[in-house]
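User: I'd like to understand how the inside of this protein is packed. Could you walk me through the reasoning behind the labels?
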Amino acid sequence: GPCTECSCSSGKEPTKDASHTKKKENGDRLSVPKIFFGTRTHKQIAQITRELKRTAYSSVPMTILSSRDYTCIHPVVSNSGSNRNEMCVELLEGKNGKSCAYYHSAHRLGEHHALQSAHGLYQAWDIEDLVSLGRKLRACAYFAARELMVGADIVFCPYNYLLDPQIRETMDINLKGQVVILDEAHNIEDCARESVSYGVTESQLRAAREELDFMVSNNIRPKDHGPLRAVFCSLI
């Protein structure tokens, strides 16, 4: 049956307190941890949510953290082959005099009560369900999923959201005192290596060397660009 500490026991909407705390009888604060469930791929998240739907905890408040590649519904950004993150930031900052109407409507999806009562997502849902609902309501699924994390008891995400400190900071993920479950944890080593690695092609190296050749030949800070050119030559 349902447990006594999380929201599934009462069927009530959890508090908006991001720390998920409750009061003890003596007045102290009792922390109720979130469960962060990390997987290797987004496909595995879909499998896990299907299994969650079959349990007694299928209606527990949850969210799925995912990249804009999977959740952006803006017609220009989502169909662009370039960096969607940069295009999204430019829209939010209004650099070209335009903003994102979908972002300003994210609050329509950002509450568990609204998802369950108004939109019928009573049971565990997949990211495709949220994106589909976002298209229907013209609301951003990416930022809605982040807002849902505040009141969620279970947060599903890829490994790197938990392992990479920069992503944790960007997504406001605080793992202190929380429960962390890593599915197929033997893949963690590769994921950790990838999070601190960067790949370049030979053509990129050659293009960089040509630019440095130009800098040195035109006497533009040759003391700085000369040694850097030597590094690129050795790599090539």
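User: How many nonpolar, polar and charged residues are in the lining of the second largest cavity?

Analyst: Happy to help, and please keep in mind that this is a predicted model. That lining has 8 nonpolar and 5 polar residues, with no charged ones. The space has a volume of about 60 Å³, and Val60, Pro61, Gln116, Leu121 and Trp125 are the lining residues closest to its centre. Pro counts as nonpolar here, so Pro61 belongs to that class.

User: What makes helix 5 stand out in the lining of the second largest cavity?

Analyst: Helix 5 (residues 112-118) supplies 3 residues, the largest share of that lining.

User: Why is the largest cavity called a cavity?

Analyst: A 1.4 Å probe fits inside but cannot get out, so the space counts as a cavity. About 100 Å³ lies in it. Its lining has 13 residues, and Cys72, His74, Cys88, Cys100 and Cys140 lie nearest the centre. By class, the lining divides into 11 nonpolar, 1 polar and 1 charged. Cys counts as nonpolar, whereas His falls among the polar residues.

User: How do you know that Leu130 touches Trp125?

Analyst: Contact requires heavy atoms within 4.5 Å, and Leu130 meets this with Trp125 as well as Leu109, Leu115, Ala141 and Ala145.

User: Why is the set of 44 residues called a nonpolar core?

Analyst: Its members are buried residues of nonpolar types joined through side-chain atoms within 4.5 Å, so the name applies. This largest core has 44 residues, and Leu130 and Trp125 are among those with the most contacts inside it. Helix 7 gives the most, with 6 residues.

Terms used:
Residues are numbered from 1 along each chain as its sequence is written. This is a predicted model: local features need pLDDT of at least 70, side-chain atom pairs count only at pLDDT 80 or more; totals for chains, interfaces and linings use all residues. Side-chain values use heavy atoms; hydrogens and water are left out. Buried means under 20% relative accessible area, exposed over 50%, partly exposed in between (1.4 Å probe, protein chains only). Helices (H or I, at least four residues) and strands (E, at least two) are DSSP runs, numbered from the N terminus. On a 1 Å grid over the protein atoms alone, a cavity is a set of points where a 1.4 Å probe fits but cannot get out, and a pocket is an open set with protein on both sides within 12 Å along at least five of seven lines; lining residues have an atom within 4 Å of a point. Grid points are joined across faces, edges and corners, and a volume is the space filled by probe spheres set on the points. Lists of a residue's contacts leave out its neighbours within four places in sequence.
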